[in-house]
Amino acid sequence: MSEKTEQQRLTVFKTYKLYVGGKFPRSESGRVYEVTDSKGNWLANAPQSSRKDARDAVVAARKAFGAWSGATAYNRGQVLYRVAEMLEGRREQFVREVAEAEGLSKSKAAAVVDATIDRWVWYAGWTDKISQVVGGANPVAGPYFNLSSPEPSGVVAVVAPQESSFLGLVSVVAPVIATGNTAVVIASEKAPLPALSLGEVLATSDVPGGVVNVLSGRTAEIAAPLAAHQDVNAIDLAGADEGLAKELEIAAADNLKRVLRPQPVDYFETPGIERLTAFLETKTVWHPTGSLGASGSSY
Amino acid sequence: MNNVSSAFEYAPAPESRSVVDIAPSYGLFIDGEFTEAADGKVFKTISPSTEEVLSEVAQAGSEDVDRAVKAARKAFEKWSALPGSERAKYLFRIARIIQERSRELAVLETLDNGKPIKETRDADLPLVAAHFFYYAGWADKLEHAGFGRNPRPLGVAGQVIPWNFPLLMLAWKIAPALATGNTVVLKPAETTPLSALFFADICRQAGLPKGVVNILPGYGDTGAALVAHPDVNKVAFTGSTAVGKEIARTVAGTRKKLTLELGGKGANIVFDDAPIDQAVEGIVNGIFFNQGQVCCAGSRLLVQESIQDELLESLKRRLSTLRLGDPLDKNTDIGAINSAEQLARISALAEQGQAEGAERWSPACELPESGYWFAPTLFTNVTQAHTIARDEIFGPVLSVLTFRTPDEAVAKANNTQYGLSAGIWTEKGSRILAVANKLRAGVVWSNTFNKFDPTSPFGGYKESGFGREGGRHGLEAYLDV
């Protein structure tokens, strides 16, 4: 009896939505586009974001920047680790979504999801170490205290990889936010569903709203206004093809965004720190050290 | 009291010009030889304090750029294959020769640039030598610099430098490039080509292999041709933000690595508990060092409202004692503006400041009849909307704004497209750290200003550019990482 009921039961589809400012809006344009699996079977209608959605996401990311960059590195590490914990709990869902999105067998998709979860753990551990690795005291020739410290660049637009829709996505987003930047992410155009589902994980992982914003749609349409946006500080072109990357880099020059050009990456490999340092500024602070003479400190 | 300078008149104490021998003409320095430009073009370089023609210099065109890049490419193979310890020794030699010839180079720089001998002698030249000495030591330690176990050079570096610190900017560009095994083609600014050409002679004395350093005097079009050359692997530029953006567009879609050190509108923030006398010295140093022609100048003074009157009174009194005149006079505080063009730009912006309603003040100050001069100038009643509070003036012009709370000071300081430098004056340590933490600027000087050191990374946030020069950080710009 119960078996028969299950067979008859119609599954509940999920309406995939954007993730902006900690909320799940549809595209303001009301547009969607059809997302299929590798065999062409319909999976979902994903939101097709507009320029306005991109601008709204930048506003959300800017609003979140102060608190996220001002949070302690320890706190950011715990939040990133929490993302891994939440993902572990929804592992089966992501294995299915990645398998469908990338046409992988279940076991290969499971390996992708496991590597993705481990990537969050890897970057969670970096948040309170990168400053010591790339900053430090400078031995200037004079009576001065002189310290260089890395600081996040600000709002980073991320064109996520087109092929690696989940491991690649996390491999480019996690290093951006680990150091205190906030991100506007354009999901893989063809396979946006794992990215949109990741939004649901982030929303329940203590990641403050606006720190990561996920947009789906036509990559070129969303990336152009982000590359030209005056309140975006940097752009990762990982998922842009050669022609688009050049166009975006030219647009990005208008307010001198930091640009990370596309390059061949094996996302299964343990990353270096290049994606962390690409979106860091170095601030150097000077102060006289004075002296302990009879008159006390002086400068 | 009338004023201090009339009570104690200073007799002129000119530095002798005889230590420097400027030839009537100079060629391009390509592949270890001085040569004429392919099209035979030349331009004159003058002394901005007298308008005297110092020399006639070959002007590189695109054909010369191609020749220089080819020479650098050819030299790259051997230079990059040298053991780091050997490259180091060449750089140590260069550092020592600069020290030996530093008086000559200081006088030369003062003649060609117009800045006081006091500055070239005590700031520019010691820093130039120190920079080469510092990076020399890195050449055989690169695998310990944190850029991987086998950091590789990029290849040929195309470098374009400005006129405000001609030899120092050359040092900032060439020292790290050579230490990491790159070869260079460098274009000095059209108004200050001479010290770079003297540097070519230092390369000869040091026995540097041919083609490792090539010097191409010229105008903006020479720089544009260099930056666009397809066989250049690395572009480094110091100059205006507008040109920096143009260069960023030029290299878009290529594999050229780019670092930019551009304009600024530094805020110098003075809190009510600041040591006033020291702050006044810091403000003066911040905006009148090198006639304010400094990208990291403290060109916006943000003073806490409660001490505005006291501070301005001290500041004006101090400005009245500054001596403007012959840059070769060892007493001179304020030298000449670098060019007629720059003087016109400063004058136009100062006039706009007045037209927009800010109040202009300068000390009584006699300007020499020939040459390019601009009296130290201070604007009060400046708002954030005023052009003189927003645009980089690159001259001895200080805009004074006020604030009431630390939050307001930070908000105003950060309210700019730039993010190169900032200053904080207060006796309260926790306030220094809190404010320094919130400022979006690459260099923050607290209770001091305009301090530089080869070990200390320098560079901007936002539209002041990207990449760092100096320190371990400065190596990254020239390594394939």
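**Figure 1. An open sheet of 10 strands with members from chains A and B in the predicted model.** The strand order is 3(A)-4(A)-10(A)-17(B)-16(B)-11(B)-12(B)-15(B)-14(B)-13(B), and the pairing is mixed. Strand 3 (136-137) of chain A and strand 13 (359-361) of chain B stand at the edges; each has a single partner strand, so one side of each is left without a neighbour in the sheet. Strands of a sheet pair through backbone hydrogen bonds, in either the parallel or the antiparallel sense. The model scores ipTM 0.96 and pTM 0.96.

**Figure 2. The edge of the sheet at strand 13 of chain B.** Strand 13 of chain B pairs with strand 14 (residues 377-380) of chain B in the antiparallel sense, over three bridges. Within this pair, R360(B) stands opposite F379(B) of strand 14. Helix 12 (residues 340-355) of chain B packs on the sheet, where it touches strand 13, strand 14 and strand 15 (397-403) of chain B. The direction of helix 12 makes about 135° with that of strand 13 of chain B.

**Figure 3. The strand pair that joins chain A to chain B.** Strand 10 (residues 280-288) of chain A and strand 17 of chain B run parallel and are joined by three bridges. V285(A) has V444(B), in strand 17 of chain B, as its bridge partner. In the strand order of the sheet, 10(A) is followed by 17(B).

**Figure 4. The contact between chain A and chain B.** Chain B contributes 33 residues to the contact and chain A contributes 27 residues. On the side of chain B that touches chain A, two or more residues come from each of helix 9 (241-251), helix 15 (429-438), strand 17 (443-446) and strand 18 (465-466) of chain B. By class, this side of chain B has 13 nonpolar, 14 polar and six charged residues. The average pLDDT of chain B is 97, and 98% of the residues score at least 70.

**Figure 5. Domain 1 and domain 2 of chain B.** Domain 1 of chain B covers 17-262 + 461-478, and domain 2 covers 267-446. Their centres, taken over C-alpha atoms, are separated by 30 Å. In the contact between them, 22 residues of domain 1 meet 26 residues of domain 2. On the domain 1 side, helix 4 (102-113) and helix 5 (117-138) of chain B each supply at least two residues. The largest share of that side, three residues, comes from helix 5 of chain B. The residues on the domain 1 side divide into six nonpolar, eight polar and eight charged.

**Figure 6. Helix 8 (residues 193-203) of chain A.** This helix is mostly covered, with nine of its 11 residues buried. The buried residues are L193(A), P194(A), A195(A), L196(A), S197(A), L198(A), G199(A), V201(A) and L202(A). An α-helix has 3.6 residues a turn, so residues three or four places apart point the same way. In chain A, buried residues make up 50% of the 299 residues.

**Figure 7. Chain A, shown for context with the close-up views.** The secondary structure of chain A comes to 11 helices and 10 strands. Its C-alpha atoms fill a box of roughly 95 × 40 × 35 Å, taken along the principal axes. Of the contacts in chain A with a separation of 6 or more, 73% are between residues 24 or more positions apart.

Definitions and conventions
Residues are numbered from 1 along each chain as its sequence is written. Chains are lettered from A and ligands numbered from 1 in the order in which they are written. This is a predicted model: local features need pLDDT of at least 70, side-chain atom pairs count only at pLDDT 80 or more; totals for chains, interfaces and linings use all residues. A residue is buried if 20 or more other C-beta atoms lie within 10 Å of its own, exposed if 12 or fewer, and partly exposed in between; C-beta atoms are placed from the backbone. Helices (H or I, at least four residues) and strands (E, at least two) are DSSP runs, numbered from the N terminus. Two residues are in contact if their C-beta atoms, placed from the backbone, lie within 7 Å. Ala, Val, Leu, Ile, Met, Phe, Trp, Tyr, Cys and Pro count as nonpolar, Asp, Glu, Lys and Arg as charged, and the others, Gly among them, as polar. Two strands pair if DSSP finds at least two bridges between them. pLDDT is the predictor's confidence in each residue, from 0 to 100. Axes are lines fitted to C-alpha atoms, for helices over the stretch in contact, and angles run from 0 to 180 degrees between N-to-C directions. Domain bounds come from an automatic or database domain assignment.
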